[in-house]
Amino acid sequence: MSNCKRCLLNEIAGKEDVYAHVQKTRALLSKAELASDAKYDERLSVCRDCDRLLEATCLKCGCYVEIRALKTDVHCPMKKW
Ligand code: SF4
């Protein structure tokens, strides 16, 4: 499987360990801290269309977007979500 610029961690071969970290981080957050599933998906959809996304990393803040989008009180550094 080849990686594209818009791939997220759960789609990139060889990044399974990092994606597991996303899942562990999600499990550590309380329900009050977590963005809803719909909000999370909406945020990642915006990231997929953003020219700052490169192989699951936001080039503006340096975060893996699948981790950044998890917390309800965290926002996009370019105010896109
Ligand atoms: S967090 Fe914001 S700036 Fe970064 S990739 Fe997503 S939409 Fe783009």
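1. A cavity, as the word is used here, is a set of points on a 1 Å grid over the protein atoms alone where a 1.4 Å probe fits but cannot get out, and its lining residues are those with an atom within 4 Å of a point. The remarks below concern a predicted model.

2. With a threshold of 30 Å³ or more, the count comes to one cavity, and the volume of the largest cavity is about 110 Å³. Its lining is made up of 15 residues, and those that lie nearest the centre are Cys 47, Cys 50, Cys 58, Cys 76 and Trp 81. Two or more residues of this lining are given by each of helix H2 (37-48), strand S2 (57-58) and helix H3 (65-68). In character, the lining of the largest cavity divides into ten nonpolar residues, one polar residue and four charged ones.

3. What takes up the space of the largest cavity? That space is taken by the ligand, and the residues around the ligand are Cys 47, Cys 50, Cys 58, Cys 76, Pro 77, Met 78, Lys 80 and Trp 81. This shell divides into seven nonpolar residues, no polar residue and one charged residue; since Lys counts as charged and Cys, Pro, Met and Trp count as nonpolar, the charged member of the shell is Lys 80.

4. Cys 63 is placed in the loop between S2 and H3, and it touches Ala 56, Thr 57, Cys 58 and Arg 68 when residues up to four places away in sequence are not counted. Of these contacts, Cys 58 is also listed among the residues around the ligand. Is Cys 63 buried, partly exposed or exposed? Its relative accessibility is 26%, and because partly exposed covers the range between 20% and 50%, Cys 63 counts as partly exposed. As a further point of reference, Cys 63 and Glu 33 are 30 residues apart in sequence, while their C-alpha atoms are 18 Å apart in space.

5. Two backbone angles deserve a second look. Glu 55, found in the loop between strand S1 (53-54) and S2, has a phi near 45°, which is a positive value in a residue other than glycine; with a relative accessible area of 34%, Glu 55 is partly exposed. Lys 79, whose place is in the segment after H3, likewise has a positive phi, of about 60°, although it is not a glycine. Because exposed means over 50% relative accessible area, Lys 79 is exposed at 77%.

Note on methods:
Residues numbered from 1 in each chain as written. Predicted model: local features only at pLDDT ≥ 70, side-chain atom pairs only at ≥ 80, totals over all residues. Heavy atoms only, no water. Near = heavy atom within 4 Å. 1 Å grid on protein atoms, 1.4 Å probe; cavity = no way out; pocket = protein on both sides within 12 Å on 5 of 7 lines; lining within 4 Å. Sits in = over half its atoms within 2 Å of the grid points. Points joined across faces, edges and corners; volume = space filled by probe spheres on them. Helix = DSSP H or I, 4+ residues; strand = E, 2+ residues; numbered from the N terminus. Buried < 20%, exposed > 50% of the residue type's maximum accessible area, 1.4 Å probe, protein only. Contact = heavy atoms within 4.5 Å.
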